[in-house]
Amino acid sequence: MKTIACFGDSLIEGFPFSPENSWIAQVKKNTGIRMLNHGICGECCDDIKDRLIWRPLPKEVTHVLFEGGMNDIIQGCPLTFSIEQIKLAKQFCDEQNAAFCLVLPWLCGAEELNHLIERLRDAMKKEFDNKCCLLDFEPMFLTKKHRIEWFIWDGVHPKAETYEALGNFASPFLETWIKER
């Protein structure tokens, strides 16, 4: 059975809820794909990459999903450093013959962060387009007013119903990805 190991920060983990309420869990519920949630709140791209590399992947893992960057922005990590960490994670997956999918950060309800998120999104697309699978949730966030309603008080973390919507959005995309590779 093909398995996706999902590495990332709080947005993979499902904060402020539990992993059982994450978008990862919703994908598993919708599709039956085995999804391993390796999200840890507060991690930057280098932390995520290190855990991916140093934690032995179970043999059944055929796909790796990587979501990170928001904490890099919040902590002021240089953009080039974050991109380099993702490149190293992808290189590791290539060496393990595991398909790699990068989740692009989405714009959020904390407007002051969105210009930095746009920069990171652009850099990720430039570096990884046509080199790996890119999962972009941005099309599901329709308007600024709509976007603000989807997040909790901090403007960054999704509400429970938003995590569910993210999982519903990602499910057909990830089903196709796992079948094709």
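In this predicted model, helices α2 and α8 sit oblique to each other. Their axes cross at roughly 55° and come within 7 Å, with α2 covering residues 23-31 and α8 residues 160-180. The crossing of α2 past α8 is right-handed. On the α2 side, the contact is made by Trp-23, Gln-26, Val-27, Asn-30 and Thr-31, while the α8 side brings in residues including Tyr-163, Leu-166, Gly-167, Ala-170 and Leu-174. Sorted by class, this contact is an even split of six nonpolar and six polar residues, plus two charged ones.

Upstream of α2, there is a backbone feature to look at. The peptide bond running from Phe-15 to Pro-16 is cis, and its omega is near 10°. Pro-16 belongs to the loop that links α1 (10-13) and α2.

Next comes helix α6, residues 111-128. Its 18 residues reach 26 Å from the first C-alpha to the last, close to the 26 Å expected at 1.5 Å a residue. Several of its side chains are tucked away: Leu-113, Asn-114, Ile-117, Leu-120, Arg-121, Ala-123, Met-124 and Phe-128 are buried. The cover over these buried residues includes two helices, α4 (70-75) and α5 (79-95), along with strands β4 (99-104) and β5 (133-136).

Two asparagines take a positive phi despite not being glycine. Asn-97, with a phi of about 60°, lies in the loop between α5 and β4 and is exposed, at a relative accessible area of 56%. Asn-130 comes just after α6, in the loop leading to β5, and has a phi of about 70°. Asn-130 is exposed too, with a relative accessible area of 75%.

Methods. Residues numbered from 1 in each chain as written. Predicted model: local features only at pLDDT ≥ 70, side-chain atom pairs only at ≥ 80, totals over all residues. Heavy atoms only, no water. Axes fitted to C-alpha atoms, helices over the stretch in contact; angles between N-to-C directions. Helix = DSSP H or I, 4+ residues; strand = E, 2+ residues; numbered from the N terminus. Parallel < 35°, antiparallel > 145°, perpendicular 65-115°, else oblique. Left-handed = near helix turned anticlockwise from the far one by under 90°. Contact = heavy atoms within 4.5 Å. Nonpolar A, V, L, I, M, F, W, Y, C, P; charged D, E, K, R; others polar. Expected span 1.5 Å × (residues − 1). Buried < 20%, exposed > 50% of the residue type's maximum accessible area, 1.4 Å probe, protein only.
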